[in-house]
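Student: I should like to learn how to read the features of a structural model. Might we work through one together?

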Amino acid sequence: MFKSLFIGIMPRIASPYVLHPILQHRYMIHSSHLPGVQLYGKSTQLPSFDNSPVRVDHLGGYINVKGKTKWNDITINCYQFEGITTKSLWSYFKGNHHNVRMGTDKFSNNYKHDIQIWILNPMKIPIGRWVLNDAFISALSWGDMSWDNDAVTECNLTITYDFAIYQGL
C-alpha cells in the first residue's frame with residue numbers, strides 16, 4: 001500500500017517544473033513612504049524573531065518555556081543613484097521623522113508605515129510577501145566615499161518594526 005502511495009507523489013515533488021527554489025535575487029521592496037526603493041534596494045534581510053527561552057525551576061530540575069517574542073531589526077542595503085536614493089531617503093527623514101531646522105521629532109503616526117518584501121518566482125510574478133507592520137528607519141548610514149575605489153556608493157538602512165506577517169499568494 002505504501003509503495004503505491006509514494007509512486008504517485010514522488011515524481012511530482014521531484015519535478016523541477018513544479019518546485020522552484022526561492023532565489024535571493026528574486027524579490028522586490030515596496031514602501032509608500034520610500035518612493036523608488038524598488039529601484040535602489042540592493043539587498044535586504046527577511047524578518048526574523050527570537051523567543052528568548054526562560055528557564056523555570058520545576059521540582060528537582062528545570063523546564064524551558066517560551067519567553068516574549070522579539071522581532072529583530074532588518075538591514076536594507078541600497079545603491080546610491082544620482083537624484084533618487086539620497087533625495088528619497090532625505091525627504092522621508094525630514095518629512096516624516098525629524099524637523100532638522102527646529103530640532104523636533106515627529107509623532108509615530110507620521111513615520112511608521114508598512115514595508116512589503118515581495119518574493120518573486122522565475123517569471124517575476126509574486127508568490128508571497130512579508131509585511132513589516134509599523135516599520136520605520138531606526139538607523140541610516142549614507143555610505144563611504146574614497147578616491148581609490150570606483151565602486152558604487154551604498155547606504156544602509158536599519159528597519160525596526162513591531163511584527164511581520166507572511167502572506168502566500
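Tutor: Let us begin with the vocabulary: strands are DSSP runs of E with at least two residues, numbered from the N terminus. The model before us is predicted.

Student: Where is Asp134 found?

Tutor: Asp134 is found in strand 11. Its phi is positive, about 50°, although Asp134 is not a glycine.

Student: Is Asp134 buried, partly exposed or exposed?

Tutor: Exposed means over 50% relative accessible area and buried means under 20%, with partly exposed in between. Asp134 has 33% relative accessibility and therefore counts as partly exposed.

Student: Which other residue, not a glycine, has a positive phi of about 50°?

Tutor: Leu59 has such a phi. Leu59 lies in the loop that links strand 4 (54-58) and strand 5 (61-65). Because its relative accessibility is 81%, Leu59 counts as exposed.

Student: How should I read the largest nonpolar core, and which residues touch the most other members?

Tutor: A nonpolar core joins buried residues of certain types through side-chain atoms within 4.5 Å. Here the largest one has 22 residues, and those touching the most other members are Ile74, Ile76, Leu132, Ile137, Leu157, Ile159 and Tyr161. Several elements supply at least two residues each, among them strand 1 (27-31), strand 7 (74-79) and helix 3 (85-97). Strand 11 gives the largest share of this core, four residues.

Student: What does Ile159 touch, leaving aside residues up to four places away in sequence?

Tutor: With that exclusion, Ile159 touches Asp73, Ile74, Ile76, Ile115, Leu132, Ala135, Phe136, Ile137 and Ser138.

Notes. Residues are numbered from 1 along each chain as its sequence is written. This is a predicted model: local features need pLDDT of at least 70, side-chain atom pairs count only at pLDDT 80 or more; totals for chains, interfaces and linings use all residues. Side-chain values use heavy atoms; hydrogens and water are left out. Buried means under 20% relative accessible area, exposed over 50%, partly exposed in between (1.4 Å probe, protein chains only). Contact means heavy atoms within 4.5 Å.
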